[in-house]
Amino acid sequence: MTFTILNLGRPARAAAAALAVAATALFAGGTAEARGLTVAVQKLPDVLEPAMENSNVHLRVIYSIFDTLVKTDYRNGGQLKPALATDWEIESPRSIVFTLREDVTFHNGAKMTAEDVAWAFGPERLNTRAEGTGSGGTVVVRPFLGGIESVEVLDRHRLRITMAEDDALILQRFANYPAQIGSKAGFEAAGSWTEWAKQPVGTGPYEVAEFVFGERLVLRPFEGYWGESKAAAEEVTFVVVPEIATRIAGLRSGQFDIITEVGPDHIAEIEQAQGVGIVGGSILNIRGLIYDSAGEGNPMADPRVRQALNLAIDRQAIVDSLYDGKTEVTRGWQMEVFGDMYLADRPKSVYDVAQAKALLQEAGYDGEEIVYRSQQGYYTNQGQTAQILVSMWKQAGLNVRLDMVENWDQIYEDTADRGIFDGSFTAYYPDPVGQIWRRFGPKGSWVQRGIYDLDESFVELGTELETNPDVQARREVFAQMLDAFKENPHGTPLHALTQFYGVRDDVDWTPYPTQYMNLTDAELSFAE
């Protein structure tokens, strides 16, 4: 699979054009500053603390507010580079020592020390449930950093992190979500998790100026930022505009500089308009489904019914009809970014309606209703995809009822009729541990919610994948995991997720192959 960042026929920018963001009565921000940036999004995160939410919309903004010890360089093959840590020493498969920069200042003016990093990776932050939010560090963070056994401060700028078991990804864990570093003093000053989540204190190129739940997030440049790449905009305002038609209209009128979640069916419309264009493409994420097989009398409890669901999906037809061929069907739960761990000889998911019907007959399925909960627009073409899937399943004899709901709380509501729901699988690490094992393993939120039970053999394989550093042995284990998941599926991949943006011509910005929007001067500039 090739991940492309596209600039699809954007008109040449006028050299003398000046950026001016029009005011809009729809939002309370007033007239934007010259060289400000307004981004219209379909949704904002509920909170800004990394340990309290893991979502596509959350990843979009938190990297502007926080930094990690190690940086993933998306412009250079995903190489790991120093960030808040200048150096590190992997002492053993369980132990790593970081040396921190001495010139890093938090947004509150405090100097970063090893005490802040120890707090960031300690139990007070990662294991505390947040008052009044319904989410907390334990469930969200466990698949990423749940293996930390202890954090030892060695001196003001050095610390040792020890894992409970051998960890094949001991360095990668501190280069990606949710390893962002916050200020211990800033958290204590906030007084509660609820207040901290609204305006956390990080070290990133932007700091939080205003956060209005469900409406807007305003970021301003942090003048004391330590990094070479500085905030490019005088102010960044993310505004919630749920309807794509309204986002497009605002882009064309100049209300918005960038809009998110543009479907391929809107690309031509934007490209043909004056002063705007399209950037983006497929990203390091697999769009998929999750199956709830728990509960007495649940037809999904029989793995043959779940196998039939998978066989009845014509994934290439979805890619061709909804995405105009601008993304790809993956070879199972894996991506080329895995490098040596990518199994290029694995087949793509099979489409076979006849085999699906045979499995349903064998399972004794007699048309019992299966409920599929979905939303409109959280993912690109989400509602349209859901409707197509229901139609495909009907052709195989599956009685699937589509329930369109408004939010994730409604999707996760623990009722007897929950059967299928949407999900995405970001490759946080260039390794299957960061995808299939993180999401479907015993530390994942779906197991924690009791949505399905895992086979002991799958858990044993995943544990070896996570702890064994030998590449060839890990490749063999990963292949066995994919085989096991095919026989007892708890979900299915559909295709590589896309992220297309509409952009004004006086905004020069090329997105990363990930959800993170880098708005520093390394990636963003304006026409003079």
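I began with the nonpolar cores of this predicted model. The largest one has 116 residues. I noted the residues with the most contacts inside this core: Leu-37, Leu-69, Phe-98, Phe-121, Phe-238 and Trp-509. Helix α1, residues 56–65, gives the largest share of the core, six residues. I then found a second core, separate from that one, with 29 residues. Val-305, Ile-313, Leu-322 and Val-390 are included in the second core. As general background, nonpolar side chains tend to be buried together in soluble globular proteins.

Next I looked up helix α9, which covers residues 303–311. How many of the nine residues of α9 are buried? I counted seven, so the helix is largely enclosed by the rest of the structure. The buried residues of α9 are Val-305, Arg-306, Gln-307, Ala-308, Leu-309, Asn-310 and Leu-311.

I turned to helix α12, residues 382–395. This helix has 14 residues, and the distance from its first C-alpha to its last is 20 Å, close to the 20 Å expected at 1.5 Å a residue. For α12 I listed Gln-382, Gly-383, Thr-385, Ala-386, Leu-389, Val-390, Met-392 and Trp-393 as buried. After the helix comes Gly-397, with a positive phi near 95 degrees.

Last, I checked one residue of α12, Thr-385. Is Thr-385 buried or exposed? Its relative accessibility is 1%, and the limit for buried is under 20%, so Thr-385 counts as buried. Which residues does Thr-385 contact, leaving aside its neighbours within four places in sequence? I found Arg-287, Leu-322, Tyr-323 and Leu-494. Of these, Leu-322 also appears in my entry on the second core.

Technical notes:
Residues are numbered from 1 along each chain as its sequence is written. This is a predicted model: local features need pLDDT of at least 70, side-chain atom pairs count only at pLDDT 80 or more; totals for chains, interfaces and linings use all residues. Side-chain values use heavy atoms; hydrogens and water are left out. A nonpolar core is a set of buried Ala, Val, Leu, Ile, Met, Phe, Trp, Tyr and Cys residues joined through side-chain atoms within 4.5 Å. Buried means under 20% relative accessible area, exposed over 50%, partly exposed in between (1.4 Å probe, protein chains only). Helices (H or I, at least four residues) and strands (E, at least two) are DSSP runs, numbered from the N terminus. Contact means heavy atoms within 4.5 Å. The expected span of a helix is 1.5 Å times one less than its number of residues.
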